[in-house]
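Where does a protein model leave empty space, and what surrounds that space? Look at the structure below with that in mind.

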Amino acid sequence: MRQKKCKNLTMTVKIHPSWKKQLKDEFEKPYFKTLTKFVKDEYQKTTIYPAPKNIFQAFELCPFEDVKVVILGQDPYHGPNQANGLCFSVNEGTPLPPSLQNIYKEIHSDIGEPIPKTGNLEHWARQGILLLNATLTVRAHQAGSHQNKGWEEFTDAAIKALSEHRQNLVFLLWGSYAQNKGAVIDPKKHLILKAPHPSPLSAHRGFLGCKHFSKTNDYLKIHHLTPIKWT
């Protein structure tokens, strides 16, 4: 782990050793060094989410060898006390965002589990779900503000590593952005499930009723893997 100074506070930025090994070449590339400087400068001059210690939270909580399921998001939440480094997840005590509400509705409809009161999805990550945003940081109240700065190349490398070096993973690609980003995944080695985004703008077009949660667990059981406890 390495220390990073942001807003006069020393923050610990964590990434699991298994991911450091898989992505070691990325850390040395010019784009990542430029990205690191950009992000460091951003934390020093304005409000950025998530907290620096949580930038790589998805990789810290879900080691490379433990990944069973991948859910791809786009940006961290950009409101106060929301982003915690896991896509679609919010900090404890934060009201459920609309997309997460729809995710929970589909879980309830699909497998009959009660709708949780918390939006913190750490328990998913610890079961082997990589909750990966394409962009790992964002300015407060400015969606997309850290896109096209290098994060997408880094997260593409993570997806490629999983596709190439693992097998029998489930990739949940919700919305056109995630589906385009998932184009590098080998469908002969992995299960790819696609649906519209769970946002209220599109959930009714096929996300609600997609049954991705039961399909995921059915696939894991077929391959002798422990199914996910969704709630």
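A cavity is a set of grid points where a 1.4 Å probe fits but cannot get out, and lining residues have an atom within 4 Å of a point. The model examined here is predicted.

Start with the enclosed space. The structure holds 2 cavities of 30 Å³ or more. The largest cavity has a volume of about 70 Å³. Its lining counts 13 residues. P76, A83, G85, L86 and N133 lie nearest the centre of this cavity. The lining is made up of 9 nonpolar and 4 polar residues, with no charged ones.

Now turn to the open space. The largest pocket holds about 410 Å³. Around it stand 24 lining residues. Nearest its centre are G73, Q74, D75, F88 and H197. Which elements each supply at least two residues of this lining? They are β4 (69-73), α5 (98-111) and α8 (176-181). Of these, α8 gives the most, with 3 residues. By class, the pocket lining divides into 12 nonpolar, 11 polar and 1 charged.

Last, the cysteines. The structure holds 0 disulfides. Why is C62 unpaired? A disulfide needs two cysteine sulfur atoms within 2.5 Å. The closest cysteine sulfur to that of C62 is in C87, 11 Å away, so the two are too far apart for a bond. C87 is likewise in no disulfide, its nearest cysteine sulfur being that of C62. Are these residues buried or exposed? C62 is buried, at a relative accessible area of 0%. C87 also counts as buried, at 0% relative accessibility.

How values were computed
Residues are numbered from 1 along each chain as its sequence is written. This is a predicted model: local features need pLDDT of at least 70, side-chain atom pairs count only at pLDDT 80 or more; totals for chains, interfaces and linings use all residues. Side-chain values use heavy atoms; hydrogens and water are left out. On a 1 Å grid over the protein atoms alone, a cavity is a set of points where a 1.4 Å probe fits but cannot get out, and a pocket is an open set with protein on both sides within 12 Å along at least five of seven lines; lining residues have an atom within 4 Å of a point. Grid points are joined across faces, edges and corners, and a volume is the space filled by probe spheres set on the points. Ala, Val, Leu, Ile, Met, Phe, Trp, Tyr, Cys and Pro count as nonpolar, Asp, Glu, Lys and Arg as charged, and the others, Gly among them, as polar. Helices (H or I, at least four residues) and strands (E, at least two) are DSSP runs, numbered from the N terminus. Buried means under 20% relative accessible area, exposed over 50%, partly exposed in between (1.4 Å probe, protein chains only).
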